[in-house]
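Biologist: I would like a close look at one part of this model. Keep it brisk, please.

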Amino acid sequence: DPLSPRLLSLLLRPVMPTERPISELLRKRGVIVYTGPSTTVRDAVETMSNHNIGSIAVMDDDRNLTGIFTERDLLNRVVNEDHDPAETRIEDVMTEDVIVVSGDTSRSDALSLMEEEHIRHLPIADENELYGIVSLRDLLTFEREMQQFEIEQLREFVFEKPYPSYPG
């Protein structure tokens, strides 16, 4: 019994879903939410809250990424150290050594990197431009959706395939 073209396409896919580039998670023509280094923590947190995001890129006047400010930074470097959010500047409490990956980085490599480095937000950029920031939640949600899609395709294949009829 030869395999159907549909099953062959599922079995012979050249690239597993997690090996596909992380740039697929970014919304096309999306807005990058960022702030300047001299912004107060209070204003940055308000921006993060308004956009329902857990991190914000910190960029200088030339739109170069100088750091990232995350919910963890807020907890550890502001609240825990008893800084006044209305007076504290982002550049004083942001993460400066930002790990950045290219859009070609595979989703599995990005996930591994996030796990190894204990980070939840990963900026995606090329040499000249920040494309966006992917969160661990974005990545895991996308992977779960891809798995559900594949399960549904396999389910359709199994249940749509006619059973052989036997004489008698």
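Biologist: Which residue in S3 stands opposite Val-58?

Modeller: Gly-67 in S3 faces Val-58. This is a predicted model, so local features need pLDDT of at least 70 and side-chain atom pairs pLDDT 80 or more, while totals for chains, interfaces and linings use all residues. Numbering runs from 1 along each chain as its sequence is written, and side-chain values use heavy atoms, without hydrogens or water.

Val-58 belongs to strand S2 (residues 55–59). Its partner strand is S3 (residues 65–70). The two are antiparallel, with 5 bridges (pairing takes at least two DSSP bridges; strands are DSSP E runs of at least two residues, helices H or I runs of at least four). S2 and S3 make a hairpin, with 5 residues between them. In the turn, Arg-63 has a positive phi of about 60°.

S3 also helps line the second largest pocket, supplying at least two residues (a pocket is an open set of 1 Å grid points where a 1.4 Å probe fits, with protein on both sides within 12 Å along at least five of seven lines; lining residues have an atom within 4 Å of a point). That pocket has a volume of about 280 Å³, the space filled by probe spheres on its points. Its lining has 16 residues. Closest to the centre are Thr-70, Arg-72, Thr-95, His-118 and Ile-119. H3 gives the largest share, 5 residues. Strand S4 (121–125) supplies at least two.

H3 (71–79) also supplies at least two residues to the lining of the largest pocket. The volume there is about 1000 Å³. Among the 30 lining residues, Asn-52, Ile-53, Ile-133, Ser-135 and Asp-138 are closest to the centre. H5 gives the most, 6 residues.
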